[in-house]
Amino acid sequence: MSEPVLRLTDVSRVHGTGAAEVHALRGVSLAAYAGELVAIMGPSGSGKSSLLTIAGGLDSPTSGSVEVAGQDLDEAGISGRAKLRRTSVGYVFQDFNLIPALTAAENVALPLELDGAGRRAAQKAARAALDEVGLDGFADRFPDEMSGGQRQRIAIARAIVGDRRLILADEPTGALDTETGEDILRLIRARCDAGAAGVLVTHEPRYASWADRVIYVRDGLVVDEAGETPDAALAEEVEA
Amino acid sequence: MSVKHALLALLEKPRYGYELRAEFEQRTGASWPLNVGQVYTTLSRLERDGLVEAGGTDAEGRSLYQLTEAGQAEVKGWFDTPVERTQPQRDELAIKLAVAVAVPSVDVGKVVQQQRNATMQALQGYRRQARSGAGDDLPGGLVLDRLVFAAEAEIRWLDHCESRLRRAAASSTAPEPVQPEGESR
Ligand SMILES: Nc1ncnc2c1ncn2[C@@H]1O[C@H](COP(=O)(O)OP(=O)(O)OP(=O)(O)O)[C@@H](O)[C@H]1O
Ligand SMILES: [Mg+2]
């Protein structure tokens, strides 16, 4: 049976110590399968971004384990995690996290170049990804010469460039109008339909409804889930 | 509301009853099916009120209806006036939650969660309809959007209810603060 692309098992994350302790996550388990988009909803401060940064190997859990594409992130070590981030994981940050001194195309090409792709090949892939998000003609502009929605699209292009198996998107629709937000969701959904696994953090029910499953988080815990569990996951439970 | 006004507006050119019904359903994305009986009853009332009149027959001999001058004025008035924000007659969900809060044996949080899941599933259903092309024509798309926005509003309201409930529960179980907040350590 197919393995999930992302699996979190009993993940907790505690920030600080003693009186200042914050339990951002308190034992979260979830899986995302290839072809599936999972939405995560919950109030501000409930742990959504914490969950996503841990899933993307940008932060490590205090306890519990994380597997991406069959690889345990703890065992992968710092360099293994960095490689996974460059090659398998596309991350859309809550703030776009673009590098102001680089053009749109350079921003998108960056993960490929860091992974050792030649400059020309990386630029070509970057321009193709920018086309895909509707930014053809903007490749050589700098982020501060573009609107918020256009910057957000650069961030999406950077997350989907080079066939990522796992797309993690933290509020990718930010303060966009509904039409532009829908366009962004359409792009993420298309990647999942093409075989990636996606996890989307959003406050907006309309965007969550693009997902196959919606997971509700409160105070660092998964409290509820709506939607269809994929067949692969059901089969696995039967096997277990 | 006004199936009456919608039908009148669609008589901007003469039509026969069956055609009018098909036109209504097509324009509104078949979200509110009308039976042909309803259409003819409405037409005869409109005729009685002087808003439509017989407009001859078409090539196949079907009787056409057309707007009178009063009918045209009525249509114009309809479009020129915003729809009244009527108090919803009885909003079952609001009543259910209000009563649930008052009945101690009911787990209100669960009522909220179940409703939210059901509404999210409806929203996912609209999404599937939209993705399968149901909203590709402009009028049908606008109607589908309306359903999406309404479901979205309901889910937001349920989220809001949940956090109000949690706040209320927290303040009723929390011990009386001895000191002002932030100075307790
Ligand atoms: N580096 C950190 N140090 C201390 N506490 C942190 C840190 N990062 C997050 N937290 C805390 O962990 C909790 C969860 O934060 P997180 O950013 O995951 O919330 P969120 O669900 O993404 O909220 P939002 O919807 O506002 O983005 C919060 O209480 C936050 O203050
Ligand atoms: Mg966040």
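The following paragraphs lead through a predicted model, beginning at ligand 1 and moving on through chain A to chain B.

Because this is a predicted model, local features need pLDDT of at least 70 and side-chain atom pairs count only at pLDDT 80 or more, whereas totals for chains, interfaces and linings use all residues. Residues are numbered from 1 along each chain as its sequence is written, chains are lettered from A and ligands numbered from 1 in the order in which they are written, and side-chain values use heavy atoms, with hydrogens and water left out.

The surroundings of ligand 1 come first. There are 13 residues around ligand 1, and A:S44, A:G45, A:K48, A:S49 and A:S50 come nearest; a residue is near a molecule or strand if one of its heavy atoms lies within 4 Å of it. By character, the shell divides into 3 nonpolar, 9 polar and 1 charged. In this division Ala, Val, Leu, Ile, Met, Phe, Trp, Tyr, Cys and Pro count as nonpolar, Asp, Glu, Lys and Arg as charged, and the others, Gly among them, as polar.

Several atom pairs link the ligand to chain A. A nitrogen atom of ligand 1 has a polar side-chain atom of A:H15 at 3.3 Å. An oxygen atom of the ligand is 2.8 Å from a polar backbone atom of A:G45, and a backbone N or O atom of A:S46 lies 3.2 Å from an oxygen atom of ligand 1. Taken alone, ligand 1 exposes 640 Å², of which the protein buries 60%. Such accessible areas come from the Shrake-Rupley method with a 1.4 Å probe, and for residues only the protein chains shown count as cover.

Which elements of chain A each supply at least two residues of this shell? They are β2 (22–32) and α1 (48–55), and the largest share, 3 residues, comes from α1(A). Helices (H or I, at least four residues) and strands (E, at least two) are DSSP runs, numbered from the N terminus. The helix α1(A) is itself mostly covered, with 6 of its 8 residues buried: A:K48, A:S50, A:L51, A:L52, A:I54 and A:A55. Here buried means under 20% relative accessible area, exposed over 50%, and partly exposed in between (1.4 Å probe, protein chains only). After α1(A) comes A:G57, whose phi is positive, near 70°.

Attention now turns to the loops of chain A. The loop between β2 and β3 (37–41) holds A:E36. This residue counts as buried because its relative accessible area is 4%. The side chain of A:E36 reaches the backbone nitrogen of A:Y33 at 2.8 Å. This is a polar contact, that is, a pair of N or O atoms within 3.5 Å; within protein, one must be able to donate a hydrogen and the other to accept it, and residues adjacent in sequence count only if both atoms are side-chain atoms.

Backbone geometry marks out two further loop residues. Most residues other than glycine have a negative phi. A:A69, although not a glycine, has a positive phi of about 50°; its place is in the loop between β4 (63–68) and β5 (71–72). A:A69 is partly exposed, since its relative accessible area is 28%. A:D219, also not a glycine, has a positive phi of about 45° and is found in the loop between β9 (213–218) and β10 (221–227). With a relative accessible area of 42%, A:D219 is partly exposed.

A:D177 is in the loop between β7 (166–170) and α6 (178–193) of chain A. Is A:D177 buried or partly exposed? At 45% relative accessibility, A:D177 counts as partly exposed. Its side chain makes a polar contact of 2.7 Å with the side chain of A:T180. A:D177 and A:G149 are 28 residues apart in sequence, and their C-alpha atoms are 8.6 Å apart in space.

In chain B, an unreviewed UniProt entry lists residues 90–165 as "domain: Transcription regulator PadR C-terminal"; such annotations may be inferred rather than shown by experiment, and positions are given in the numbering used here, with feature names shortened. Over these residues the chain is 83% helix and 0% strand, with the end C-alpha atoms 22 Å apart. Elsewhere in chain B, B:R48 is in helix α3 (residues 36–48) and counts as exposed because its relative accessibility is 59%. A polar contact of 3.0 Å joins the side chains of B:R48 and B:D49.
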